[in-house]
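Hi there,

Here is the structure I promised to pass along. Have a look at it first, and my notes follow underneath.

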Amino acid sequence: MGHPTIYPTGATVYNPKKAWSGYTIYQAANLGALLIDMNGSEVHLWKGLRGFPNKILPGGYVLGSTSERDPKYGYQDEADLVQVDWEGNIVWKFDRHEFLKDPDHEPQWMARQHHDYQREGNPVGYYVPGLEPKTNEGKTLILAHRNVQKPEISDKPLLDDVILEVDWEGNIIWEWAVSDHFEELGFDESAKNVLFRDPNIRLFGNTAGDWMHINSMSTIGPNKFYDQGDERFHPDNIIWDARESNIIAIIDKKTGNIVWKLGPDYSTPDVKHLGWIIGQHHAHIIPKGLPGEGNLLVFDNGGWAGYGLPNPASPYGGKNAVRDHSRILEINPVTLEIEWQYTPTEAGFQAPLDSYRFYSPYISSAQRLPNGNTLITEGADGRIFEVTREHELVWEYLSPYKNSRNSNMVYRAYRVPYEWVPQLEKPVEKEIAPLDITVFRVPNAAGIGTESVVTVQGTFSYEEGAFCVATTDETKKKKDNNGV
């Protein structure tokens, strides 16, 4: 997959009449948590605040982390989870999950938070009319790590995913660990054999197997299915998705049992129509009050993930499901029918030849907006964009900031209404018309040459590998520049 060496960054498209306008927050590489308006203007920076992810709360508060555990000893462990005010002052903090004594480091308490968290009052961490997250009280759900030994899963140490619920004072009042529910996950014998031999041992950081890699976790929240009597969708229940196993599941908050699940096998008759969901991120239930409420929304990354029988792409059965493009899926969780989707086809690319043009094999997210549009983070190339229900692109932004690996990747971005940030005046919204790339050129570069131009008509034969031309207009135009 090739990329140009030079490409526009910042806001590149904005249709004020069709977009749902507000502020967007994302982590700008190593710079910090960055707030931008619809024209891409940088209106506020919380310098140094890490985002795994960054979430903005009403009143201009932001959640994030101040530091990361040394990667030599812990994979993707954030030292803490903090809430800061507009000026960057810490007004809430959680770090008392584990007391760690890493070599060459002072012993300290750490949160080991990773990938997601939710503040009481809002189930999903983004704007929902009537469901505002609490800012000076309330409980917080936190996705965290813990190292465990589970011989029934593997003889190797495991990096386990745990969900913690903490009160405002930082006391852990509820917890759940995915390794305690191994037999409920639906792995067949071939997958179990692969997991036992290699539970996704990372080549960097510690040697524990990142066997599930849960990357999203949220409560179900009020919804029509529970209102209709389906207990699986109790508002307090928790939905999560695991990148490495291709599983999306709902757990009963009271019992901890898995009560609803997609994956890890997408070849069975009940789900075969969905196609394989691979390496997915940000699976959540669209909250009540937003278009599509009650449906599952997920960024289906593609890429490589899963455990099972070997195949040409996976000689040993690890990461044995492969696809080189991404999808956004909105699925009715009861009927399992696709209610809406955004794939390379809806993006305007020719399938399968150009499907890779909408593709982020890691990170990424999708947020449902109040007007029915969807904000998509195509994270691998730092692209954040908004599409209508009819798949029209109405806003686009590319991060200009690169990290130490020369990547402008964006883990997850969120859009919030202007009124959530009272410290700023509502910005002037200016339309940004899409560039016509057929005529846009870098200044002083040659334009489209017409020294020798003929209108031709013909067909290309893939079988013969030849372009058959029939000239219909022999008119030629002369110019000084080179012809094409």
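A good place to start is Ile-384, whose bridge partner in strand 28 is Tyr-397. Please keep in mind that this is a predicted model. Strand 28 covers residues 393-398 and pairs with strand 27, residues 383-387, in the antiparallel sense over five bridges.

Both strands belong to an open sheet of five strands, in the order 1-28-27-26-25, with antiparallel pairing. At the edges sit strand 1 (10-14) and strand 25 (365-368), each of which pairs on one side only. From one strand to the next, the twist averages 10 degrees.

Next, a hairpin. Strand 7 (residues 81-84) and strand 8 (residues 90-94) run antiparallel and are joined by four bridges. Within this pairing, Val-82 has Lys-93 of strand 8 as its bridge partner. Five residues lie between the two strands, and Gly-88 in the turn has a positive phi of about 95 degrees.

I also looked for enclosed space. The count is one cavity of 30 Å³ or more, and the largest cavity holds about 70 Å³. Which elements give two or more residues to its lining? They are strand 5 (50-57) and strand 11 (113-119). The lining includes Lys-55, Ile-56 and Leu-57, as well as Tyr-117, Gln-118 and Arg-119, and Trp-420 is also among the lining residues. By type, the lining residues of the largest cavity divide into seven nonpolar, three polar and two charged.

Happy browsing, and best wishes!

Key
Residues are numbered from 1 along each chain as its sequence is written. This is a predicted model: local features need pLDDT of at least 70, side-chain atom pairs count only at pLDDT 80 or more; totals for chains, interfaces and linings use all residues. Side-chain values use heavy atoms; hydrogens and water are left out. Two strands pair if DSSP finds at least two bridges between them. Axes are lines fitted to C-alpha atoms, for helices over the stretch in contact, and angles run from 0 to 180 degrees between N-to-C directions. On a 1 Å grid over the protein atoms alone, a cavity is a set of points where a 1.4 Å probe fits but cannot get out, and a pocket is an open set with protein on both sides within 12 Å along at least five of seven lines; lining residues have an atom within 4 Å of a point. Grid points are joined across faces, edges and corners, and a volume is the space filled by probe spheres set on the points. Ala, Val, Leu, Ile, Met, Phe, Trp, Tyr, Cys and Pro count as nonpolar, Asp, Glu, Lys and Arg as charged, and the others, Gly among them, as polar.
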